[in-house]
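The following exercises concern the structure shown below. Please attempt each task before reading its solution.

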Amino acid sequence: MGGVEIRELECFLALAEELHFGRAGERLYVSQSRVSQLLAALEQRIGARLVERTSRRVRLTPLGERFRAELRPAYEELAAVVDRAKGAARGVEGRLRIGFQGTADARLMEAITTFQKRHPACVTEIAEVPFADPFGAVRAGDVDAAIVLLPVAEPDLVLGPLFSREPQSVAVSVRHPFAARAAVGAAELREVPLVTAAAPAPAYWREAHAPSPVPAPAVRTLQEGLTLVAADRGAMLLCRPTASYHGREDVVFVPVHGLPDSVLGVVWHRDGETGRVRAFARAVADATAVADAAA
């Protein structure tokens, strides 16, 4: 392989999927400059540019496109072989308790399926994490890891791989002025009450999911929030898959322009990191990469 390092290949694949040096660094837990270094080393070994980078965009060269298409399946097979060997060596077995916030959609189930195939001796259990307490189940030890909405700024928790990145929608009652709109802008949301999570969700987390100064009710669950929306007591931000899953006749979901995407990530307690947790994080990262490549 001409001295090519696995980390260089991982960097290229992450960058090819994100087309953004900062986000690729987040996925790999390295700095943006380290991503640039790894890419430069790989391009030097290959002898040609794989990525074109300007001040406005990042895109693959024709060679980079072909290299990604041929590399992805080979890398996935190699990663699976390594994971199977690690599982056999470390004995990834027993029970893994997984929490989820929002919706246990197809992506989550694919990640769990990937984990189960690699580690058939480990049984998975799934539990819903309350909307108003995204980190409590992990801290209490009720689950080993959880997939929760970002942001996560908790010093006692580890943020693992990001799970999905989805556009946001605002849920409003069928009587709300937004209900007949094709889309609304982020600035317009500051004029309406946005239903927020109740405590113990941290203040920064609540504000991220209800960025409006207008007073609004606080709820413990998504269903409580949607019920208040249907009663025209406020609006509520939801990602597209969650909006689709919770569709109801008295609530309309309107796309929002100008807000950051809704992002999920895997978290676990720093004192609770085990081989099972690490193996699940790897399964999430791999299943997400496959889904993103197919999208």
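**Exercise 1.** Is strand E5 mostly covered or mostly exposed, and how many of its residues are buried?

*Solution.* The model is a predicted one.
Step 1. Buried is taken as under 20% relative accessible area.
Step 2. By that criterion, 5 of the 5 residues of E5 are buried, and the strand is mostly covered.

**Exercise 2.** Establish the strand order of the sheet that contains E5, and identify its edge strands.

*Solution.*
Step 1. The sheet is open and has 5 strands, arranged E4-E3-E5-E13-E6 with mixed pairing.
Step 2. Strand E4 (122-128) and E6 each have a single partner strand, so one side of each lacks a neighbour in the sheet; these two stand at the edges.
Step 3. From one strand to the next, the twist averages 20°.
Step 4. Helix H5 (residues 106-118) packs on this sheet, where it touches strand E3 (94-100), E4, E5 and E6. The direction of H5 makes about 160° with that of E4.

**Exercise 3.** Determine the sense in which E5 pairs with E3 and with E13, and give a residue pair for each.

*Solution.*
Step 1. Strands of a sheet pair through backbone hydrogen bonds, in either the parallel or the antiparallel sense.
Step 2. The pairing of E3 with E5 is parallel and extends over 3 bridges. Here Gly99 is opposite Ala146 in E5.
Step 3. The pairing of E5 with E13 is antiparallel and extends over 4 bridges. Val148 has Gly265 in E13 as its bridge partner.
Step 4. E13 also pairs with E6, in the antiparallel sense and over 7 bridges. In that pairing, Gly265 of E13 is the bridge partner of Leu162.

**Exercise 4.** Locate Leu150 and list its contacts beyond its neighbours within four places in sequence.

*Solution.*
Step 1. Leu150 lies in the loop that joins strand E5 (145-149) to strand E6 (157-166).
Step 2. With neighbours within four places set aside, its contacts are Leu159, Leu162, Trp205, His209, Val263, Leu264 and Gly265.
Step 3. Two of these contacts, Leu162 and Gly265, are also bridge partners of one another.

**Exercise 5.** Describe the volume and lining of the largest pocket and of the second largest pocket.

*Solution.*
Step 1. The largest pocket holds about 1,300 Å³ of space. It is lined by 47 residues, and Arg27, Pro161, Arg282, Ala285 and Asp286 are the closest to its centre.
Step 2. Elements contributing two or more residues to this lining include helix H1 (6-18), helix H4 (62-90), E6 and helix H11 (275-294). The lining comprises 23 nonpolar, 5 polar and 19 charged residues.
Step 3. The second largest pocket holds about 460 Å³. Its lining has 33 residues, with Gln101, Gly102, Thr103, Leu222 and Thr242 nearest its centre.
Step 4. Among the elements giving two or more residues to this second lining are E6, helix H8 (203-209), helix H9 (222-230) and E13. In composition, the lining has 16 nonpolar, 12 polar and 5 charged residues.

**Exercise 6.** Which residues of H9 are buried, and against which elements do they pack?

*Solution.*
Step 1. The buried residues in H9 are Leu222, Gly225, Leu226, Leu228, Val229 and Ala230.
Step 2. They pack against strand E7 (168-173), strand E10 (218-219), E11, H10 and strand E12 (251-257).
Step 3. Just after H9, Asp232 adopts a positive phi of about 65°.

How values were computed. Residues are numbered from 1 along each chain as its sequence is written. This is a predicted model: local features need pLDDT of at least 70, side-chain atom pairs count only at pLDDT 80 or more; totals for chains, interfaces and linings use all residues. Side-chain values use heavy atoms; hydrogens and water are left out. Contact means heavy atoms within 4.5 Å. On a 1 Å grid over the protein atoms alone, a cavity is a set of points where a 1.4 Å probe fits but cannot get out, and a pocket is an open set with protein on both sides within 12 Å along at least five of seven lines; lining residues have an atom within 4 Å of a point. Grid points are joined across faces, edges and corners, and a volume is the space filled by probe spheres set on the points. Ala, Val, Leu, Ile, Met, Phe, Trp, Tyr, Cys and Pro count as nonpolar, Asp, Glu, Lys and Arg as charged, and the others, Gly among them, as polar. Two strands pair if DSSP finds at least two bridges between them. Axes are lines fitted to C-alpha atoms, for helices over the stretch in contact, and angles run from 0 to 180 degrees between N-to-C directions. Buried means under 20% relative accessible area, exposed over 50%, partly exposed in between (1.4 Å probe, protein chains only).
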